[in-house]
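Biologist: I would like a close look at one part of this model. Please take me through how its helices pack, and then place that part in the whole chain.

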Amino acid sequence: MKEEQQLFERLIQSIQLLAADYKTQISSLPKFVHIPDELALIYHDCFLLADQIAEEGWIDNRQLAKLKELDDVLECMSEKDDQLWTTYALRNSSEWENIRLLAGELLELFNVKKQRPDLTWIQYVKGGKKERIESEKLPK
């Protein structure tokens, strides 16, 4: 698979994640991550390569504009209110519902059916408990 195709597939999966309902979003990610942040970060990381994907013909100008709109809305949310970045807000806020709608519109623009996201390309590593390191006593 060409690199641009792989990047495109990942972008679509990040949109699938944002378009998903709350229960799907929560169950798609490990319990130890901050879910709202992770949703935005996965999308943003994929979006950063959208221009490269577009240059290869995988994305047209209309799709690229809508991708940018979604990224801008997420950016605006992060500057607006910390309370939007809770699981309660993810479940109940109109802002997150708007994100789901925008992501759904993007899937339609790409002619892709909404389905459970496949995030097997992402690896998570849970950090261990912080261990106290004691300095070694040196002989006098």
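**Helix α5 and its two partners**

Modeller: The crossing of α3 and α5 is left-handed. Keep in mind that this is a predicted model. Two packed helices are described by the angle between their axes and the distance between the axes. Take the angle and distance for this pair. Helix α3 covers residues 35-47, and helix α5 covers residues 61-80. Their axes come within 11 Å and cross at roughly 140°. An angle over 145° would count as roughly antiparallel. The pair α3 and α5 is therefore oblique.

Now look at who touches whom. On the α3 side, the contact uses Ala-40, Tyr-43, His-44 and Phe-47. On the α5 side, it uses Leu-67, Lys-68, Leu-70, Asp-71 and Leu-74. Sort these residues of the α3 and α5 contact by class. There are 6 nonpolar, 1 polar and 2 charged.

Next comes the other partner of α5. This is helix α7, residues 94-109. The axes of α5 and α7 lie 10 Å apart, at an angle of about 165°. Angles over 145° count as roughly antiparallel, so α5 is roughly antiparallel to α7. The crossing of α5 and α7 is left-handed.

The list of touching residues takes some patience. From α5 come Arg-62, Gln-63, Lys-66, Leu-67, Glu-69, Leu-70, Val-73, Leu-74, Met-77 and Lys-80. From α7 come Glu-95, Trp-96, Asn-98, Ile-99, Leu-102, Ala-103, Glu-105, Leu-106 and Leu-109. By class, the α5 and α7 contact has 11 nonpolar residues, 2 polar ones and 6 charged ones.

Compare the two lists with the model in view. Leu-67, Leu-70 and Leu-74 of α5 appear in the contact with α3. Leu-67, Leu-70 and Leu-74 also appear in the contact with α7.

Stay on α7 a moment. Glu-97 is in this helix. Its relative accessibility is 41%, so Glu-97 counts as partly exposed. Follow the chain back from Glu-97 to Tyr-22, and you cover 75 residues. In space, the C-alpha atoms of Glu-97 and Tyr-22 are separated by 9.4 Å.

Go past the end of α7. Asn-111 sits in the segment after this helix. Asn-111 is not a glycine, yet its phi is positive, about 60°. With 73% relative accessibility, Asn-111 counts as exposed.

Go back to the loop between α3 and α4 (50-55). Leu-49 is found there. Leu-49 has a relative accessible area of 32%, so this residue is partly exposed. Leu-49 and Leu-84 are 35 residues apart along the chain. Their C-alpha atoms are separated by 26 Å.

Finally, step back to the whole chain. The chain has 7 helices and 0 strands. From the N terminus on, the order is α-α-α-α-α-α-α. The radius of gyration is 18 Å, while the globule rule gives 14 Å for 140 residues, so the chain is more spread out than a compact globule. Along the principal axes, the C-alpha atoms fill a box of roughly 70 × 40 × 25 Å. Of the 140 residues, 41% count as buried. Now consider contacts between residues at least 6 apart in sequence. Of these, 76% join residues at least 24 apart.

Key: Residues are numbered from 1 along each chain as its sequence is written. This is a predicted model: local features need pLDDT of at least 70, side-chain atom pairs count only at pLDDT 80 or more; totals for chains, interfaces and linings use all residues. Side-chain values use heavy atoms; hydrogens and water are left out. Axes are lines fitted to C-alpha atoms, for helices over the stretch in contact, and angles run from 0 to 180 degrees between N-to-C directions. Helices (H or I, at least four residues) and strands (E, at least two) are DSSP runs, numbered from the N terminus. Angles under 35 degrees count as roughly parallel, over 145 as roughly antiparallel, 65 to 115 as roughly perpendicular and the rest as oblique. A crossing is left-handed if the near helix is turned anticlockwise from the far one by less than a right angle, and right-handed if clockwise. Contact means heavy atoms within 4.5 Å. Ala, Val, Leu, Ile, Met, Phe, Trp, Tyr, Cys and Pro count as nonpolar, Asp, Glu, Lys and Arg as charged, and the others, Gly among them, as polar. The radius of gyration is taken over C-alpha atoms; the globule rule is 2.2 Å times the number of residues to the power 0.38. Buried means under 20% relative accessible area, exposed over 50%, partly exposed in between (1.4 Å probe, protein chains only).
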